[in-house]
Amino acid sequence: MAAHAQAEPGRRDEIINSMLRFTRLAYIMIQNNYQGYLSHEGDRFDPLKFGLARAHEFSTTLQWLYENVAEENRSVIWDTMDLMWTGAEIGGRDWSKFFVTGEFPTSASIKPQPNFQHGINVAQGLRYMAQKYRMNHDEKLARQTREAVDMAFRYHGTPSGSITSDEFLGGLSPQRGTELCMAVELMFSLSWLHRLFGDNDYADLTEQAAFNALPGGISPDWWTHQYVTQSNQPWIKRLDGRPFYDVSPYGNIFGLEPDYPCCLVNHHQGLPKLVCSAFVRKGSNGLIHRFLIPAETSMELDGGHVSVTADTHYPFDQVISYRFTTTKSFDFYTRLPSWATASSCANLPGGRVIPLVRDHDDVFHFTVPAGSSQLTVTLGTEVRVVNRPLSSAVSIYWGSLLYALDIAYTETSTAPTHWKKNVDPLPTDSTYPQLRDRMLVPEEEAEWRVAIDPSQIVIHWANRDTDPESPLPNPIYARGAPPMVISVAATRIAWPVVNGAAHGVPTEVTTEGEPFVAKFVPFASAPLHMAEVPTVSLPNLNLPR
């Protein structure tokens with residue numbers, strides 16, 4: 001509803017009044033022994049206490065509402081939030097008691113009790129302490145928020161920017177799945193935390209999930225999706241075993257509802273929310289471009305009207321061209337990702353080039369004069385080979401993009417199936433022939449069991465058009481569409497298959513053939529991929545340039 005009010009200013013008052021009526025009703029009910037929130041004898045709702053575990057979800061909307069109503073309407077909103085926090089504590093769903101050493105799981109979930117370890121609850125729960133902090137300004141809650149994000153990614157993070165969650169937290173094994181809903185909810189929570197605290201890591205992680213985990217679980221045409229995506233995914237089919245905690249062996253199929261339909265109805269909101277929050281205000285006369293995607297905005301700043309357009313191929317290139325039109329001078333900031341190198345620079349009006357120097361907020365400041373002007377920012381980056389935590393594996397990045405081994409495949413498909421057991425076909429509709437359950441298996445000569453020599457890596461561009469206004473291939477995440485690939489010296493190794501999946505990452509590398517040149521591409525453009533691979537020293541190969 002808050003997004004609706006922002007999207008349709010003409011209906012803003014009507015929407016806010018509706019939200020206030022609902023809040024007053026909620027207050028009356030919760031004040032009456034937490035009616036409709038805590039279940040009592042004879043009640044038949046929320047048996048798994050998912051609603052109780054998500055007090056912060058209601059608070060997200062109520063805090064926006066509080067800031068957008070007259071003073072006389074604020075007390076009922078505040079009191080409702082207070083009751084929600086107290087009810088969560090009474091019901092045993094206080095997330096500040098979970099995100100602590102000794103309680104937070106440092107390995108894969110084993111019959112989790114209670115539902116704190118449910119992956120999506122965790123992604124949303126990262127906002128619990130921060131939203132209470134907004135109300136009471138207790139710095140301990142701010143510190144605990146940072147500790148919670150750190151623990152979640154340290155013990156369960158994936159190289160694609162998500163968290164393993166094949167229903168419940170899955171540890172660090174690349175055979176475990178990360179739910180598509182997890183990417184969506186993480187993007188929102190991390191974006192919200194960045195807006196509140198300004199920590200650059202939150203924005204980096206938001207982009208990492210947005211450009212890797214989210215599109216990695218959706219087909220390029222957006223007609224089908226996976227329930228869970230694996231970091232190492234050499235096939236997409238009904239698995240011979242179950243490497244997941246509580247997801248069926250059908251869970252990595254690209255389909256309409258390859259498991260529970262939550263991802264079907266949730267995955268579409270991730271990118272719109274990212275676009276809506278690409279720009280944020282800074283003070284009364286400042287604007288930050290924090291998610292560096294192509295976007296435009298128009299708003300009033302300190303009595304002046306401001307329009308900004310950002311043209312870019314980011315994350316597939318690092319050049320951002322800005323166009324400004326403003327009735328008065330204002331402060332503009334571009335966020336500098338943590339991976340941006342010292343070669344980052346800005347081309348100012350008049351042709352002057354200056355290095356981008358971070359301030360304490362990891363942003364570059366530019367004073368935009370009244371009238372029309374332009375600015376071009378170029379972010380320096382290089383290939384990064386990153387060690388995976390508690391593993392012998394590495395992952396490869398360029399900018400915010402994760403690169404993974406591209407595995408050639410053959411595809412078959414069937415009519416979409418009902419999510420319960422995925423056996424019964426759903427009614428077909430000739431209007432939507434794209435709705436199929438898609439299975440992908442490696443071609444006969446395709447190799448997935450590889451180790452790489454990270455000292456032998458070469459970047460090459462199929463077509464590097466640095467003009468941000470020229471179009472990229474569409475859809476950009478189709479196999480072969482991204483403009484840059486990475487060649488790496490590699491060799492086949494022994495890699496066991498357990499429960500129908502590539503098992504972990506071999507700690508001892510046993511080579512099984514001659515070295516060859518492997519192609520790594522953006523993770524989401526390779527439906528069959530290996531994103532966590534061990535390393536080995538190999539003879540020098542003649543890598544393509």
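## A walk from the helices to the sheets

The axes of α3 and α4 come within 10 Å and cross at roughly 165°. Angles over 145 degrees count as roughly antiparallel, and α3 and α4 are therefore roughly antiparallel to each other. Their crossing is left-handed. Keep in mind as you look around that this is a predicted model.

Who touches whom here? On the α3 side you'll find A55, H56, F58, S59, L62, Q63, L65 and Y66, and they meet R74, I77, W78, T80, M81, M84, W85 and A88 in α4. Sorted by chemistry, the residues of this contact come out as 11 nonpolar, four polar and one charged.

Stay on α4, which covers residues 74-90, and bring in helix α6, residues 128-136: these two axes come within 12 Å and cross at roughly 140°. That angle makes α4 oblique to α6. The crossing of α4 and α6 is left-handed. From α4, the contact uses W78, M81, D82, W85, A88 and E89, while α6 brings Y128, Q131, K132 and M135. This set divides into six nonpolar, one polar and three charged residues.

Before leaving the helices, take a look at L48, which sits in the loop between α2 (12-31) and α3 (55-66). Is L48 buried or exposed? Its relative accessibility is 58%, so L48 counts as exposed. Leaving aside residues up to four places away in sequence, L48 touches R93 and N115. The C-alpha atoms of L48 and N115 are 7.5 Å apart in space, though the two residues are 67 apart in sequence.

Now for the strands. Strands of a sheet pair through backbone hydrogen bonds, either parallel or antiparallel. One open sheet here has six strands, running in the order β8-β9-β10-β15-β12-β13, and its pairing is antiparallel. At the edges are β8 and β13 (353-355), each pairing on one side only. On average, neighbouring strands of this sheet are turned by 20° against each other, direction ignored.

Start at the β8 edge. In a regular strand the side chains alternate between the two faces of the sheet. Strand β8, residues 295-301, has a covered face made up of A295, T297, M299 and L301, with E296, S298 and E300 on the uncovered one. Next door is β9, residues 304-312, which pairs with β8 in the antiparallel sense over seven bridges. E300 has H305 of β9 as its bridge partner. The two strands form a hairpin with two residues between them, and D302 in the turn has a positive phi of about 50°. Moving one strand further, β9 pairs with β10 (residues 319-326), again in the antiparallel sense and over seven bridges. There, T312 is bridged to I320 in β10.

The other open sheet to visit has four strands in the order β6-β7-β11-β14, and its pairing is mixed. β6 (279-282) and β14 (363-368) stand at the edges with a single partner strand each, so one side of each has no neighbour in the sheet. Neighbouring strands of this sheet are turned by 25° against each other on average, direction ignored.

Where does a parallel pairing show up? Look at β7, residues 286-289, and β11, residues 330-335, which pair in the parallel sense over four bridges. To pick out one position, I288 stands opposite Y333 in β11.

How values were computed:
Residues numbered from 1 in each chain as written. Predicted model: local features only at pLDDT ≥ 70, side-chain atom pairs only at ≥ 80, totals over all residues. Heavy atoms only, no water. Axes fitted to C-alpha atoms, helices over the stretch in contact; angles between N-to-C directions. Parallel < 35°, antiparallel > 145°, perpendicular 65-115°, else oblique. Left-handed = near helix turned anticlockwise from the far one by under 90°. Contact = heavy atoms within 4.5 Å. Nonpolar A, V, L, I, M, F, W, Y, C, P; charged D, E, K, R; others polar. Buried < 20%, exposed > 50% of the residue type's maximum accessible area, 1.4 Å probe, protein only. Pairing = 2+ DSSP bridges.
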